[in-house]
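These are my notebook entries on a structure that I had not examined before. I set down what I looked up, in the order in which I looked it up.

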Amino acid sequence: MKLGRRQRFGTQYHKSDPNQPKQLDEVGPGVTDVLRREMNAPTLDEARNRAAEIASLFKIKKS
């Protein structure tokens, strides 16, 4: 990510503002969910669901 490239496996999250929840960094199209599974990484849907879960927990904590 620091090199300005998209991530490959969908395991990196970032927080650009301390008042906002972490978000999934942009994921490149070159890796399939099959390869993610083989590398013990979450599928892209699982990574997106995790980002949504983080956001919902953040909202509860902020309330």
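**Entry 1. The nonpolar core**

Which residues make up the largest nonpolar core? I note at the outset that the model is a predicted one. My search returned a core of five residues, namely Leu-24, Val-27, Leu-44, Ala-47 and Ala-51. I then asked which element supplies the largest share of this core. Helix H2 does, with three residues.

I next looked up the surroundings of one core member, Leu-24. Setting aside the neighbours within four places in sequence, I found Leu-24 in contact with Gln-7, Gly-10, Gln-12, Tyr-13, His-14, Ala-47, Arg-48 and Ala-51. Ala-47 and Ala-51 in that list are themselves core residues.

**Entry 2. The chain as a whole**

I stepped back to record the overall layout. The secondary structure consists of two helices and two strands, and the order from the N terminus is β-β-α-α. Along the principal axes, the C-alpha atoms fill a box of roughly 40 × 25 × 15 Å.

I also looked up burial and surface. The chain has 63 residues, of which 27% count as buried. About 5,000 Å² is exposed, and carbon and sulfur atoms supply 50% of that area. Among contacts with a separation of 6 or more, 42% join residues 24 or more positions apart.

**Entry 3. Gln-7**

Gln-7 appeared among the contacts of Leu-24, and I therefore looked up its own setting, using the cut-off of under 20% relative accessible area for a buried residue. Gln-7 sits in the segment before S1. Its relative accessible area is 6%, so Gln-7 is buried.

What does the side chain of Gln-7 reach at 2.9 Å? One partner is the backbone oxygen of Asp-25, at 2.9 Å. The side chain of Gln-7 also reaches two backbone nitrogens: that of Gln-12 at 2.9 Å and that of Gly-10 at 3.3 Å.

I recorded one C-alpha distance as well. Gln-7 and Gln-23 are 16 residues apart along the chain, and their C-alpha atoms are separated by 13 Å.

**Entry 4. Salt bridges**

How many salt bridges does a search of the whole structure find? The search finds four. Side chains of opposite charge can pair when their charged atoms come close. I wrote up three of the pairs, as follows.

The side chains of Glu-26 and Arg-6 meet in a salt bridge with an N to O distance of 3.7 Å. Why does this pair tie together parts that are apart in sequence? Glu-26 lies in the loop between strand S2 (23–24) and helix H1 (33–38), whereas Arg-6 lies in the segment before strand S1 (13–14), so the pair links parts that are 20 residues apart in sequence. I checked the exposure of both partners. Glu-26 is exposed, at a relative accessible area of 52%, and Arg-6 is partly exposed, at 45%.

The pair of Arg-50 and Glu-53 has an N to O distance of 3.4 Å. Both residues lie in helix H2 (residues 44–62), three residues apart, or about one turn of the helix. Arg-50 is partly exposed at 39% relative accessibility, and Glu-53 is partly exposed at 42%.

Arg-36 and Asp-33 form a further salt bridge, the closest N and O atoms being 3.1 Å apart. These two residues are three residues apart in helix H1, so about one helical turn separates them.

**Entry 5. Arg-36**

Is Arg-36 buried or exposed? Arg-36 is buried, with a relative accessible area of 2%, whereas its partner Asp-33 counts as partly exposed at 32%.

I then looked for other polar partners. The backbone oxygen of Phe-9 lies 3.4 Å from a polar atom of the Arg-36 side chain.

With what is Arg-36 in contact, leaving aside the neighbours within four places in sequence? I listed Arg-8, Phe-9, Gly-10, Val-27, Gly-28, Val-31, Ala-41, Pro-42, Thr-43 and Leu-44. Val-27 and Leu-44 belong to the core of my opening entry, and Gly-10 is a residue whose backbone nitrogen the side chain of Gln-7 reaches.

Terms used. Residues are numbered from 1 along each chain as its sequence is written. This is a predicted model: local features need pLDDT of at least 70, side-chain atom pairs count only at pLDDT 80 or more; totals for chains, interfaces and linings use all residues. Side-chain values use heavy atoms; hydrogens and water are left out. Helices (H or I, at least four residues) and strands (E, at least two) are DSSP runs, numbered from the N terminus. Buried means under 20% relative accessible area, exposed over 50%, partly exposed in between (1.4 Å probe, protein chains only). A nonpolar core is a set of buried Ala, Val, Leu, Ile, Met, Phe, Trp, Tyr and Cys residues joined through side-chain atoms within 4.5 Å. Contact means heavy atoms within 4.5 Å. A polar contact is a pair of N or O atoms within 3.5 Å; within protein, one must be able to donate a hydrogen and the other to accept it, and residues adjacent in sequence count only if both atoms are side-chain atoms. Accessible areas come from the Shrake-Rupley method with a 1.4 Å probe; for residues, only the protein chains shown count as cover.
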